[in-house]
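Thanks for making time this morning; I would like to walk through one structure and talk about its empty spaces and a few of its side chains. Please have the model open while I speak.

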Amino acid sequence: MADRRPLIAGNWKMNGLKANLGEITAIAAEAAASPAVDVALFIPATLIAPAVAAAPDFFIGGQDVHENASGAHTGCISAAMLVEAGAKGVIVGHSERRTDQHETDATVAAKASRAKTEGLSVILCVGESLEVRDAGNAEEVVSAQLLASLPQEASSDWLSIAYEPIWAIGTGRVPTIEAISEMHSALRAALRKMIGGDADKMRILYGGSVSGDNARDILSVADVDGGLVGGASLTAAKFVPIIEAARNA
Ligand code: PGA
């Protein structure tokens, strides 16, 4: 992982009620015991304030942010609202939002910029469909998506990238280690063209069916700097082995 600190981030998606706060405090305790690994949970907006109250030193983030500071956007959440609730970061451009909410690359870049303005760190997601993977040009397509989604002011001190092949999310299917390695190297090369030497400091996470069973192999890949974990982040029992794998990778 070069000298990049590994980041193990959990994405709870539309899961999590106050009844689940015990999982967050258990994960926070493991995070506190793993100083060489950054650990974060991106949870539903309604759970951010109670989670921060329960685990004040732990990194809690939101799962989306609006690109505007405020205004007539019913149902949306602003960066300032996330900050007020106690969030330290946010995910932008997850494929589920790109699909369900029709978010474009330009919107994703604007969301990242807005989050940065309010002092949030950002995980920006990219990834190809199965159709693109089968067509054989996934690296080209995902590199182009990254270029179009990256905000002007991108830098490694506040932004990380997550490569998440859409067909691997929630399916139990994972690309081969070689395919992950090739994609991450391609994305690192694309980042170098965009932001120069800072590309070598920017974390590129892998996401899509990461589990305690496959984490060590995936996290050992040279250009993989952590994981974005959905299903296996919902309980400490499943998430802690992934944090342990990052510690040992
Ligand atoms: P998964 O989700 O780990 O459940 O595949 C990953 C993600 O969508 O971030």
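**Cavity, pockets and two side-chain sites**

I will begin inside, where the largest cavity is lined by G93, H94, S95, R98, C125, V126, G127, Q145, E164 and I166. Please keep in mind throughout that this is a predicted model. The search returns 1 cavity of 30 Å³ or more, and the space in the largest cavity comes to about 40 Å³. Two elements, helix 4 (95–100) and strand 5 (121–126), each contribute at least two residues to that lining, and sorted by class the lining holds 3 nonpolar, 5 polar and 2 charged residues.

Moving on to the open spaces, the largest pocket holds about 520 Å³. It is lined by 19 residues, of which K13, M14, Q63, D64 and R97 lie closest to its centre. Helix 2 (45–54) and helix 4 are the elements giving two or more residues to this lining, with helix 4 providing the largest share, namely 3 residues. By class, the lining of the largest pocket divides into 8 nonpolar, 6 polar and 5 charged residues.

The second largest pocket has a volume of about 290 Å³, and among its 20 lining residues the closest to the centre are L7, D38, S121, S160 and R203. Here the elements that give two or more residues are strands: strand 2, strand 5 and strand 6 (159–163). Strand 2 supplies the largest share, 4 residues, and the lining as a whole has 11 nonpolar, 3 polar and 6 charged residues.

Strand 2 also brings me to the aromatic side chains, since a search of the whole structure finds 2 aromatic pairs. In one of them, the ring centres of F42 and F59 are 6.1 Å apart and the planes stand at 50 degrees, so this pair is classed as tilted, falling between the 30 and 60 degree limits. Because F42 belongs to strand 2 (residues 38–42) and F59 to strand 3 (residues 59–62), the pair ties together parts that are 17 residues apart in sequence. As for burial, F42 is buried at a relative accessible area of 3%, whereas F59, at 23%, counts as partly exposed.

One last site: which residues does S143 contact, leaving aside its neighbours within four places in sequence? They are A186, L187, A190 and M194. S143 itself sits in helix 7 (residues 138–149), and its relative accessible area is 15%, which is under the 20% cut-off, so S143 counts as buried.

Notes: Residues are numbered from 1 along each chain as its sequence is written. This is a predicted model: local features need pLDDT of at least 70, side-chain atom pairs count only at pLDDT 80 or more; totals for chains, interfaces and linings use all residues. Side-chain values use heavy atoms; hydrogens and water are left out. Rings of Phe, Tyr and Trp (its six-membered ring) pair if their centres lie within 6.5 Å; planes under 30 degrees apart count as stacked, over 60 as edge-to-face and the rest as tilted. Buried means under 20% relative accessible area, exposed over 50%, partly exposed in between (1.4 Å probe, protein chains only). Contact means heavy atoms within 4.5 Å. On a 1 Å grid over the protein atoms alone, a cavity is a set of points where a 1.4 Å probe fits but cannot get out, and a pocket is an open set with protein on both sides within 12 Å along at least five of seven lines; lining residues have an atom within 4 Å of a point. Grid points are joined across faces, edges and corners, and a volume is the space filled by probe spheres set on the points. Ala, Val, Leu, Ile, Met, Phe, Trp, Tyr, Cys and Pro count as nonpolar, Asp, Glu, Lys and Arg as charged, and the others, Gly among them, as polar.
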